[in-house]
Amino acid sequence: MIRFRPLSLRDRAWLILWRMRGSEKQPHALRRQSALPRSPMVPDSVVAEIARHDWEGIECGCGRSAGHLVDAVRDAAEGHPAAFHALEGHVFFAQHLKPPAPAVCAVLMAVWTARPPRRATREALLWTLLALLCTVDDGGTHEAGLHGQCAAFIRTGVDGFRLELAAVPGSGTAAYAEGILEILGLPAS
């Protein structure tokens, strides 16, 4: 009988890189993942999602490279509600998305999937997702723009939004979850 051992974080990183074969980003993704400071509050899936993106190669909404957003999304993943609000001006501004929006949205959905335990964190996270959805759709007829890419990531968390809506009806988190489902054109139940 063959026994399999659980994959370590390093093995999971290699598995992710192996799936990305042919990409020039493979060595860079591994370096980025090992360079991230470890926090016991940030799940491995979120660390892997942060490492998957070339933050330095993305222009931030503030005009610099988006590399400085890694700290903000890691702080958000640790559960700091203010970190979510700090993304405004960098990821979205007024009614427009900025180039790092899809990468940040992917990380936020990894955080959502990990189910943050504090209600304040969930509320700030849902507020940010709703803010991303309330922007102008910049997609063309043949491709998804930044808005379409973010909406696609956000759609992956629909079951969690419905659970949040049912768990604490009448709360801020429920209102944000309901708004997200409404904008996506999906029923609340």
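User: How much area does the chain expose, and what part of it do carbon and sulfur atoms supply?

Analyst: The chain exposes about 10,400 Å², of which carbon and sulfur atoms supply 56%. Accessible areas come from the Shrake-Rupley method with a 1.4 Å probe, and for residues only the protein chains shown count as cover. This is a predicted model, in which local features need pLDDT of at least 70 and side-chain atom pairs count only at pLDDT 80 or more, while totals for chains, interfaces and linings use all residues. Residues are numbered from 1 along each chain as its sequence is written, and side-chain values use heavy atoms, with hydrogens and water left out.

User: What share of the residues counts as buried?

Analyst: A residue is called buried under 20% relative accessible area, exposed over 50%, and partly exposed in between (1.4 Å probe, protein chains only). Of the 189 residues in the chain, 44% are buried.

User: Which elements make up the secondary structure, and in what order do they run?

Analyst: Helices (H or I, at least four residues) and strands (E, at least two) are DSSP runs, numbered from the N terminus. The chain has 10 helices and two strands. Read from the N terminus, the order is α-α-α-α-α-β-β-α-α-α-α-α.

User: How should the packing of two helices be read, for example that of helix 3 and helix 6?

Analyst: Two packed helices are described by the angle between their axes and the distance between the axes. Axes are lines fitted to C-alpha atoms, for helices over the stretch in contact, and angles run from 0 to 180 degrees between N-to-C directions. Here helix 3 (residues 44–51) and helix 6 (residues 101–113) have axes that come within 9 Å and cross at roughly 175°. Helix 3 is therefore roughly antiparallel to helix 6 (angles under 35 degrees count as roughly parallel, over 145 as roughly antiparallel, 65 to 115 as roughly perpendicular and the rest as oblique).

User: Which residues of helix 3 and helix 6 meet?

Analyst: Contact means heavy atoms within 4.5 Å. Ser45, Val46, Glu49 and Ile50 of helix 3 meet Ala106, Val107, Ala110 and Val111 of helix 6. By class, this contact has six nonpolar, one polar and one charged residues (Ala, Val, Leu, Ile, Met, Phe, Trp, Tyr, Cys and Pro count as nonpolar, Asp, Glu, Lys and Arg as charged, and the others, Gly among them, as polar).

User: How many salt bridges does a search of the whole structure find?

Analyst: Side chains of opposite charge can pair when their charged atoms come close. A salt bridge is a side-chain nitrogen of Lys or Arg within 4 Å of a carboxyl oxygen of Asp or Glu. The search finds four. One of them joins Arg52 and Glu49 (3.0 Å, N to O); Arg52 is partly exposed at 34% relative accessible area, whereas Glu49 is buried at 16%. Another joins Arg74 and Asp71, with the closest N and O atoms 2.5 Å apart. These two residues are three residues apart in helix 4 (residues 69–78), which means that about one helical turn separates them.

User: Where in the chain do Glu164 and Arg122 lie?

Analyst: The side chains of Glu164 and Arg122 meet in a salt bridge (3.0 Å, N to O). This pair links distant parts of the chain, with Glu164 in helix 9 (residues 158–167) and Arg122 in helix 7 (residues 119–133), 42 residues apart. Glu164 is buried at 1% relative accessibility, and Arg122 is buried at 11%. Arg115, Arg122 and Glu164 are linked in a network of salt bridges.
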